[in-house]
Amino acid sequence: MKALITWCLLVTLGVHSKPMKKWHNSSDGCPFYMEYEQKFNWFQAWEECLNLNMSLLTPDTFYKQQQVNGILELSFDKNFSYWLAGHDNAVEKRHVWATTGKAFGFTNWAKAQPNWSTNDHCILVHESTNQWHDFPCATKLGFVCEIRQCSMEKPEVLDANHWMNQKKYTINVWNVLANRNPEQ
Ligand SMILES: *[C@@H]1O[C@H](CO)[C@@H](O)[C@H](O)[C@H]1NC(C)=O
Ligand SMILES: *[C@@H]1O[C@H](CO)[C@@H](O)[C@H](O)[C@H]1NC(C)=O
Ligand SMILES: *[C@@H]1O[C@H](CO)[C@@H](O)[C@H](O)[C@H]1NC(C)=O
Ligand SMILES: *[C@@H]1O[C@H](CO)[C@@H](O)[C@H](O)[C@H]1NC(C)=O
């Protein structure tokens with residue numbers, strides 16, 4: 001019930017403050033926030049989702065990717081590039097989901113990706129193919145937020161401090177990056 005109220009609040013806020021449509025439901029009824037207009041670096045995108053009590057999209061299953069692609073195909077005229085929750089800021093060349101801390105299982109890399117160019121530590125969906133690239137975290141892009149508890153194929157057990165842990169995690173990511181200026 002609490003989740004439902006929060007969610008309704010989010011939808012209301014979203015609809016009233018933005019003239020363009022950024023809130024969408026997947027075919028299984030989960031809300032997604034799709035920022036295609038304004039541009040953010042990966043860290044800002046992460047925080048934008050947290051501020052909505054959501055998290056940056058974690059397409060760690062084929063199912064999730066299908067849900068999101070379904071929205072994009074139905075509701076958007078053209079592709080846009082957007083950040084995912086994936087990165088390798090903590091351990092170089094070990095891609096993990098910032099939301100779960102887990103290494104990538106399911107992947108949807110574009111051809112010849114990841115190419116591990118210098119400073120390519122964050123993962124995006126590229127508008128040319130709707131597939132993944134590694135990219136500099138400082139790049140300004142759109143992003144997609146999800147409510148992970150809802151959008152998982154099977155409900156996920158999350159501990160009560162989920163949001164607090166996510167916020168702590170953000171601080172950890174920034175600390176790890178202390179020597180790496182995301183604006184570079
Ligand atoms: C999403 O679904 C909910 C519940 O069915 C509905 O109230 C809401 O208006 C829908 N939102 C959008 C953006 O379609
Ligand atoms: C997010 O959750 C916190 C804590 O439950 C609450 O205070 C805040 O209003 C929520 N923010 C939004 C945008 O719903
Ligand atoms: C790596 O891929 C990006 C596109 O994601 C491209 O712009 C860049 O030139 C590539 N770098 C190398 C070294 O191939
Ligand atoms: C958009 O993504 C699709 C794959 O989903 C791709 O086939 C298409 O070429 C892309 N469109 C543009 C304009 O890049």
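The following paragraphs lead through the structure from its overall layout to its core, its ligands and some details of its backbone. The model is a predicted one.

The chain has 184 residues, of which 29% count as buried. Its secondary structure consists of 5 helices and 8 strands. Read from the N terminus, these elements follow the order α-β-β-α-β-α-β-β-β-β-β-α-α. Contacts also link distant parts of the sequence: among those between residues at least 6 apart in sequence, 65% join residues at least 24 apart.

The interior may be considered next. The largest nonpolar core holds 32 residues, and those touching the most other members are Leu56, Trp83, Leu84, Leu124, Phe143, Val144 and Cys145. Several elements each supply at least two residues of this core: strand S2 (31-40), helix H2 (42-51), strand S4 (82-87), strand S6 (120-126), strand S7 (131-136) and strand S8 (141-146). Helix H2 gives the most, with 5 residues. Leu56 offers a concrete example of how such a residue is placed. Leaving aside residues up to four places away in sequence, Leu56 touches Ala45, Trp46, Cys49, Trp83, Leu84, Ala85, Ala98, Thr99, Phe143 and Cys145.

Two of the ligand surroundings can now be described. Ligand 3 is surrounded by Asn115, Ser117, His133 and Phe135. By class, this shell has 1 nonpolar and 3 polar residues, with no charged ones. Around ligand 4 stand Lys78, Asn79, Glu127, Ser128, Thr129 and Asn130. The shell of ligand 4 contains 4 polar and 2 charged residues but no nonpolar residue.

Some backbone details in the loops also deserve attention. In the loop between strand S5 (96-97) and S6 lies Pro114, which is joined to Gln113 by a cis peptide bond with omega of about -5°. The loop between S5 and S6 is also the place of Ala112. Although Ala112 is not a glycine, its phi is positive, at about 65°. Is Ala112 buried or exposed? Ala112 counts as exposed because 7 other C-beta atoms lie within 10 Å, and a residue is exposed if that number is 12 or fewer.

A positive phi, of about 60°, also occurs at Asn53, which is not a glycine. Asn53 is found in the loop between H2 and strand S3 (55-56). Asn53 has 16 C-beta neighbours inside 10 Å and therefore counts as partly exposed, since a buried residue would have 20 or more and an exposed one 12 or fewer.

Terms used: Residues are numbered from 1 along each chain as its sequence is written. Chains are lettered from A and ligands numbered from 1 in the order in which they are written. This is a predicted model: local features need pLDDT of at least 70, side-chain atom pairs count only at pLDDT 80 or more; totals for chains, interfaces and linings use all residues. A nonpolar core is a set of buried Ala, Val, Leu, Ile, Met, Phe, Trp, Tyr and Cys residues joined through C-beta atoms within 7 Å. Helices (H or I, at least four residues) and strands (E, at least two) are DSSP runs, numbered from the N terminus. Two residues are in contact if their C-beta atoms, placed from the backbone, lie within 7 Å. A residue is near a molecule or strand if its C-beta atom, placed from the backbone, lies within 6 Å of it. Ala, Val, Leu, Ile, Met, Phe, Trp, Tyr, Cys and Pro count as nonpolar, Asp, Glu, Lys and Arg as charged, and the others, Gly among them, as polar.
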